[in-house]
Amino acid sequence: MVTTSPTREGGPAVRRSAFRRSRGDVPFRFASTGAGVVLLAIMAAVGVFLVVKAIPALQANTANFLTEKIWTPNAVEPQFGIASLAFGTVLSSFLALIIATPVAIGVALFISHYAPRRLAAVLGYVVDLLAAVPSVVYGLWGVTFLVPFMRGPSEFLNTYFAWIPLFGGDQVVGKSMLTASIVLAIMILPIIAAISREVFLQAPKMQEEAALALGATRWEMIRMSVLPFGRPGIISAAMLGLGRAMGETIAVALILPATFGISFQILGPNGNSIAANIANGFGEATAIGRGALIASGLVLFVITLVVNMGARMIIARRKEFARAA
């Protein structure tokens, strides 16, 4: 039985159970605040660790770290730069994002608004399971199946669309930036689709029903009610997928050739990424070589932070939909 305290003059009675719940909110608030502070402290500690470990290698480097394209940190006179690795990381990740995002949005819309309920439940489980597949499985699939398969489409693109800089070049191989980007796109597609699906399911039902009642088709209803509401969530999902693509190691290391150069021609044996270079070179690296790899990891850390900050700025411009993020 819930008891009440004496009623104050001019005010309602105060329930003791409500008072007990309000007292319980204080520890929860401190716990959640502490968790956020700990998370920020961990990120700061990671950044400090990377800087401290990278300084000796950067001091021993005889080349410009930001603009040099060669990578020989284990030589007698270490020379290494991040230009080609950063370029390959950004190019492969954004190509993967461009390929995966439209497909993922289509899958999410089909599951949330088109598929029958039973089929939607099965497809939702399948998408969630695909997000949990280890990256080495995608890498092995890419090496054994996709690399031989992509040689034909790559030659077709090079023959008929060489006037586009991306598809130009004199040499076409299966192990190319395009193949690596496709594998990364397949890896991040379940993540973007799963998060987008949950955001689309949270769209206000009253707005959807109102649009249909006014004579809108299902696609017009989605375009006017669902997609504007889910835009911040789509951006957040895409940035989460982009972060995984940038940090992917094994799948990219198995497919991309370990070359150091800057080229927009994605059909040839050009390109490398920071994460793949770390995976390939850490085991045989000297002390300076490990420091150079850690320095490249610091650059990847900064790139990831900049990308996520840019995504948050885009979402902040749409404050009326910010709760969907």
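A salt bridge here is a side-chain nitrogen of Lys or Arg within 4 Å of a carboxyl oxygen of Asp or Glu. Keep that cut-off handy for the exercises below, and remember that the model is predicted.

**Exercise 1. Work out what the R197 and D128 pair connects, and how covered each partner is.**

Step 1: Check the distance. The closest N and O atoms of R197 and D128 are 3.5 Å apart, and the cut-off is 4 Å, so the pair counts as a salt bridge.

Step 2: Place both residues. R197 sits in helix α5 (residues 177-201) and D128 in helix α3 (residues 117-131), so this contact ties together parts that are 69 residues apart in sequence.

Step 3: Look at the cover. R197 has a relative accessible area of 8%, which makes it buried. D128, with 35%, is partly exposed.

Step 4: Look for further partners. A network of salt bridges links D128, R197 and E198.

**Exercise 2. Find how R151 and E155 are placed within their helix, and say whether they are buried or partly exposed.**

Step 1: Start with the contact. R151 and E155 meet through their side chains in a salt bridge, at 3.4 Å from N to O.

Step 2: Count along the chain. Both belong to helix α4 (residues 135-160), and because they are four residues apart there, about one helical turn separates them.

Step 3: Read off the accessibility. R151 comes out at 39%, partly exposed, and E155 at 36% is partly exposed too.

**Exercise 3. Take K205 and E208: which partner is buried, and which is partly exposed?**

Step 1: Test the pair. The closest N and O atoms of K205 and E208 are 4.0 Å apart, and the pair is a salt bridge.

Step 2: Locate it. The two residues lie three apart in helix α6 (residues 205-213), about one turn of the helix.

Step 3: Apply the cut-off. Buried means under 20% relative accessible area. E208 has 7%, so E208 is buried, while K205 has 44% and is partly exposed.

Step 4: Put it in context. The structure holds four salt bridges.

**Exercise 4. Describe the largest cavity: what is its volume, and which residues line it?**

Step 1: Count the candidates. There is one cavity of 30 Å³ or more.

Step 2: Get the volume. The largest cavity holds about 40 Å³ of space.

Step 3: List the lining. The residues are F87, G88, L91, M177, G261, S263, Q265, N270 and G271. Helix α2 (residues 83-114) gives the largest share, three residues.

Step 4: Sort by class. Six lining residues are polar, three are nonpolar and none is charged.

**Exercise 5. Sketch the overall fold: how many helices and strands are there, and in what pattern?**

Step 1: Tally the elements. The protein has ten helices and two strands.

Step 2: Write the order. Along the sequence the pattern reads α-β-β-α-α-α-α-α-α-α-α-α.

Step 3: Check the burial. The protein has 325 residues, and 40% of them count as buried.

Step 4: Check the contact range. Of the contacts with a separation of 6 or more, 70% involve residues 24 or more positions apart.

Step 5: Finish with the surface. The accessible surface is about 18,200 Å², and carbon and sulfur atoms account for 68% of that area.

Terms used. Residues numbered from 1 in each chain as written. Predicted model: local features only at pLDDT ≥ 70, side-chain atom pairs only at ≥ 80, totals over all residues. Heavy atoms only, no water. Buried < 20%, exposed > 50% of the residue type's maximum accessible area, 1.4 Å probe, protein only. Contact = heavy atoms within 4.5 Å. Areas by Shrake-Rupley, 256 points an atom, 1.4 Å probe, with all protein chains shown as cover. 1 Å grid on protein atoms, 1.4 Å probe; cavity = no way out; pocket = protein on both sides within 12 Å on 5 of 7 lines; lining within 4 Å. Points joined across faces, edges and corners; volume = space filled by probe spheres on them. Nonpolar A, V, L, I, M, F, W, Y, C, P; charged D, E, K, R; others polar.
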